[in-house]
Amino acid sequence: MIAAPFYTLPSRVLAIAFGAMTAHDPWLAAFAILSATLVNEDLATIAAGIAVADGMVGAGLALPSLYIGILMGDMAWYGLGRLIALHRLPYRFLNAKRLAAFKAWLHGRLMLGVFVVRFLPGLRLSAYVVFGFFAMPIRRFVASDALAAIIWTTTGNLTNIRRNA
């Protein structure tokens with residue numbers, strides 16, 4: 001993962017904050033990292049990588065906090081899709097045959113879909129809402145999302161650690 005220039009200062013400030021919290025209370029730092037992922041996953045991942053590279057936070061604290069925060073956020077978007085599906089309004093505008101066909105198509109490609117949207121910026125929110133709307137199997141969704149998040153977050157952090165070391 002390459003940090004865009006506009007992420008440089010905010011991620012450095014956030015990394016310092018994570019480090020200061022760790023010195024005071026590691027649980028507070030873990031909560032801060034987890035919470036930051038709910039606001040902006042990319043910024044939180046970059047900041048945690050910088051904090052680990054600078055020795056302010058241990059990877060054993062940063063990575064699990066990132067994983068849990070990312071999964072919580074993704075499951076929230078999935079849940080929003082489920083809530084939207086419970087309302088009758090969307091079905092007034094959508095063709096039932098096309099919905100059924102798309103649901104069947106999506107069901108067969110859930111894991112691939114989760115992996116594709118995890119690694120392509122800007123697609124996660126809408127895709128995870130769609131997965132929830134079409135009631136994709138929650139266990140498969142969570143398992144696929146956890147694996148993709150672990151790969152994405154770990155490689156992103158390792159990239160940041162190497163860049164800042």
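**Helix packing, surface patch and salt bridges**

Helix α4 (helices being DSSP runs of H or I, at least four residues, numbered from the N terminus) gives the most to the nonpolar patch, with five residues. This is a predicted model, in which local features need pLDDT of at least 70, side-chain atom pairs count only at pLDDT 80 or more, and totals for chains, interfaces and linings use all residues. Residues are numbered from 1 along each chain, and side-chain values use heavy atoms, without hydrogens or water.

**Nonpolar patch**
- W77, L80, L83, I84, L86 and L125 form this surface patch (over 30% relative accessible area, no salt bridge, nonpolar side chains joined within 5 Å).
- Together they have about 560 Å² of accessible area (Shrake-Rupley, 1.4 Å probe).
- L80 is placed in helix α4.

**Packing of α3 and α4**
- Helix α3 (residues 41-53) packs with helix α4 (residues 59-86) at about 175° (on a scale from 0 to 180 degrees between N-to-C directions), their axes being 10 Å apart.
- The two helices are therefore roughly antiparallel (over 145 degrees).
- In α3, E41, A44, T45, A48 and V52 meet A59, A62, L66, I70 and D74 of α4 (heavy atoms within 4.5 Å).

**Salt bridges**
- There are five salt bridges in the structure (Lys or Arg side-chain nitrogen within 4 Å of an Asp or Glu carboxyl oxygen).
- One of them joins R124 to E41, with the closest N and O atoms 2.5 Å apart.
- R124 belongs to helix α8 (residues 124-133) and E41 to helix α3, so this pair ties together parts 83 residues apart in sequence.

Notes:
Parallel < 35°, antiparallel > 145°, perpendicular 65-115°, else oblique. Patch = residues over 30% accessible without salt bridge, like charges linked within 9 Å, V, L, I, M, F, W, Y side chains within 5 Å.
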